[in-house]
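Please find below my note on the strand and helix arrangement of the model. It is set out as numbered points.

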Amino acid sequence: MTEHARAMSEHAGDSSITFERATKTYPGQGAPALDALDLAVKSGELVCLVGPSGGGKTTALQLVNRLVDLTSGTIRIGGRDIMTLAPIELRRTIGYAIQASGLFPHYTVAENIAIVPSILKWDRARIRARTAELLELVGLTPVEDWLDRYPAQLSGGQQQRVGIARALAADPPVMLMDEPFGALDPITRLSVQDEFLEIHQRVGKTTLFVTHDIDEAIKMGDRIAILRPGGTLAQFDTPEQILLHPVDEFVAEFLGAERGLKRLALTTVGEVLERVRPDAVLPAGAAQWPVVSAAMTVREALALVSVAGTDGAVVAEAPGRFVTLGELVHPPAARDTAGVAG
Ligand SMILES: Nc1ncnc2c1ncn2[C@@H]1O[C@H](COP(=O)(O)OP(=O)(O)OP(=O)(O)O)[C@@H](O)[C@H]1O
């Protein structure tokens with residue numbers, strides 16, 4: 001075990017990423033690309049980094065794996081200053097997935113996935129087993145059908161999946177993803193997002209995920225960090241809080257005109273139900289109300305209620321419980337926001 005690996009395993013369990021006034025000014029540039037960023041990503045959390053083009057998102061990501069070096073400030077992983085680690089060693093503990101997958105065209109799928117494990121001198125049986133496990137994880141089965149293909153023989157979505165498998169190969173505690181689904185068509189993109197979220201829930205890597213698509217950020221992020229032009233942080237909070245309380249006009253505009261609808265698509269009927277009085281008596285006339293499921297989004301439930309023209313809906317999974325139209329339109333505030341991973 002190298003000194004670095006030992007140090008990292010001592011910190012096992014803490015894979016938080018902390019930016020402390022992290023600043024990058026590229027040579028010859030008058031203004032910083034990233035300006036005094038303070039951001040703490042908790043272990044296991046998925047944070048989406050969004051902002052306008054040129055806002056410093058990629059720079060922030062590449063500072064973490066030292067593809068770009070800090071001008072000033074500090075970045076820590078698991079509490080350790082990244083500048084105290086050799087870049088090559090550091091990168092072995094960080095999975096990196098980029099747009100267009102970044103696969104090596106002359107390597108097969110199996111060879112691409114094996115790159116970091118080979119550097120780490122895993123034996124062949126271990127690499128083979130890990131490769132099979134990863135291809136299953138990203139849904140490329142039966143595994144034998146995929147191992148020997150070259151990237152050019154895969155669709156964009158399949159390449160992206162192999163890219164994610166490769167980034168996960170050596171089981172790094174931290175994942176950096178730069179527009180990982182940017183090259184996909186909208187339909188494939190939605191399904192790859194779902195798959196990635198499932199994988200994330202299972203493997204729980206601390207993930208910093210760059211996207212310029214605010215809808216993707218709302219769907220994927222435990223929290224979202226919004227950068228302004230000039231690389232300063234505009235807001236860092238849960239998707240729901242950002243949609244409810246954008247700090248200023250810049251953030252509100254960035255979120256777009258459909259902010260209210262986006263928020264409704266984020267909350268489920270079950271979540272609203274948890275926030276309303278449990279002992280409320282079913283109103284007369286509720287027999288005519290539509291039945292909704294606790295798993296439905298508020299947006300879906302509202303569609304049913306508006307078609308039925310009623311003042312509320314009853315909830316299938318909770319006998320005697322109901323939600324009113326008013327509660328669906330303006331869900332009471334959550335009792336706490338401690339639902340964030342970490
Ligand atoms: N190697 C470099 N040398 C000089 N300037 C650079 C370099 N890389 C990036 N920049 C500049 O730094 C700023 C931030 O770039 P960065 O790629 O981090 O933004 P971004 O938010 O990821 O943008 P996009 O959404 O367009 O990918 C931009 O103005 C860019 O032109």
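The points below take the basis of the model, then its two sheets, then a buried strand.

1. This is a predicted model, in which local features need pLDDT of at least 70, side-chain atom pairs count only at pLDDT 80 or more, and totals for chains, interfaces and linings use all residues. Residues are numbered from 1 along each chain as its sequence is written.

2. Helices (H or I, at least four residues) and strands (E, at least two) are DSSP runs, numbered from the N terminus. Two strands are taken to pair if DSSP finds at least two bridges between them.

3. One open sheet has four strands in the order β2-β1-β4-β5, with antiparallel pairing. Its edge strands, each pairing on one side only, are β2 (34-41) and β5 (80-81). Five bridges link β1 (residues 17-24) to β4 (residues 72-77) in the antiparallel sense. Ile17 stands opposite Ile77 in β4.

4. Helix α2 (residues 57-64) packs on this sheet, touching β1, β2 and β4. Contact here requires C-beta atoms, placed from the backbone, that lie within 7 Å. The direction of α2 makes about 120° with that of β1; axes are lines fitted to C-alpha atoms, for helices over the stretch in contact, and angles run from 0 to 180 degrees between N-to-C directions.

5. A second open sheet has six strands ordered β6-β7-β8-β3-β9-β10, and its pairing is mixed. At the edges, β6 (94-98) and β10 (233-237) each pair on one side only. From one strand to the next the twist averages 15°. Helix α2 packs on this sheet as well, touching β3, β6, β7, β8 and β9 (223-227), and its direction makes about 150° with that of β8.

6. Strand β8 runs parallel to β3 (residues 46-50), and four bridges join the two. Val47 has Leu208 as its bridge partner in β8, while Cys48 stands opposite Phe209. With β7 (residues 174-178), β8 pairs in the parallel sense over five bridges; there, the bridge partner of Val174 is Thr206. The chain passes from β7 through helix α9 (residues 186-203) to β8 in a right-handed β-α-β crossover, meaning that, with the strands pointing away from the viewer, the path from the first strand over the helix to the second runs clockwise.

7. How many residues of β8 are buried? Five of the five in β8 (residues 206-210) are, so this strand is largely enclosed by the rest of the structure. A residue is buried if 20 or more other C-beta atoms, placed from the backbone, lie within 10 Å of its own. Thr206, Leu208 and Val210 cover one side, and Thr207 and Phe209 are on the other.

How values were computed:
Contact = placed C-beta atoms within 7 Å. Buried ≥ 20, exposed ≤ 12 C-beta atoms within 10 Å, placed from the backbone.
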